[in-house]
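Dear colleague,

I am passing on a structure that you have not worked with before. Please have it open while you read, as my notes follow directly after it.

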Amino acid sequence: MKVHFYSIARDSKVDYITEAEAVENVYLFKDESLENTFNKLIVYSDYISLIRNGQTEGEFHFKLGKRTKASYKNQLGLMFDFLVYTKRLEVTPKKIIIEYDFFIDGEYQDTIKIYLILK
């Protein structure tokens, strides 16, 4: 299977197509925007987890209408925790949509929209 990944923020856009493995509710795919980084997206009944491993690491849990903890770490040693507030969460057999606001130290930073088109 292929996944077409889009991430849209105020000052940036990521767009790539890559091969993905899908087993039930788990999608594994290379993050083509970063070197040696892989994504694991898990769809649960009431939330979605996105876990990045490699040179860039992160863990996000998206639950509609809730603030949840997230983390980020890169190979240069930058690491921080933040909060995400999930505004939209949509899962169909052909696409996954996640829209969230993120906050650092309680202050709004940006709104991120993630689209995964499954082929």
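In the hairpin made by strand 2 and strand 3, two residues lie between the strands, and glutamate 24 takes a positive phi near 55° there; please bear in mind throughout that this is a predicted model. Strand 2, which covers residues 13–23, pairs with strand 3 in the antiparallel sense over four bridges, and alanine 22 has tyrosine 27 of strand 3 as its bridge partner.

Strand 3 itself spans residues 26–30, and its side chains alternate, with Tyr27 and Phe29 pointing to one face, where they are buried, whereas Val26, Leu28 and Lys30 point to the other and are not buried. In a regular strand, side chains do alternate between the two faces of the sheet.

Strand 3 is also joined to strand 4 (residues 37–43) by five bridges, and these two strands run antiparallel; the bridge partner of phenylalanine 29 in strand 4 is asparagine 39. This second hairpin has six residues between its strands, and asparagine 36 in the turn shows a positive phi of about 50°.

One residue of the loop between strand 3 and strand 4 deserves a separate look, namely aspartate 31. Is aspartate 31 buried or exposed? Its relative accessible area is 0%, so aspartate 31 counts as buried, the cut-off for that being under 20%. The side chain of aspartate 31 makes a polar contact with the side chain of serine 33, at 2.5 Å, and, leaving aside residues up to four places away in sequence, aspartate 31 touches Tyr16, Thr37, Phe38, Asn39 and Arg52.

With best wishes

Key. Residues are numbered from 1 along each chain as its sequence is written. This is a predicted model: local features need pLDDT of at least 70, side-chain atom pairs count only at pLDDT 80 or more; totals for chains, interfaces and linings use all residues. Side-chain values use heavy atoms; hydrogens and water are left out. Buried means under 20% relative accessible area, exposed over 50%, partly exposed in between (1.4 Å probe, protein chains only). Two strands pair if DSSP finds at least two bridges between them. A polar contact is a pair of N or O atoms within 3.5 Å; within protein, one must be able to donate a hydrogen and the other to accept it, and residues adjacent in sequence count only if both atoms are side-chain atoms. Contact means heavy atoms within 4.5 Å.
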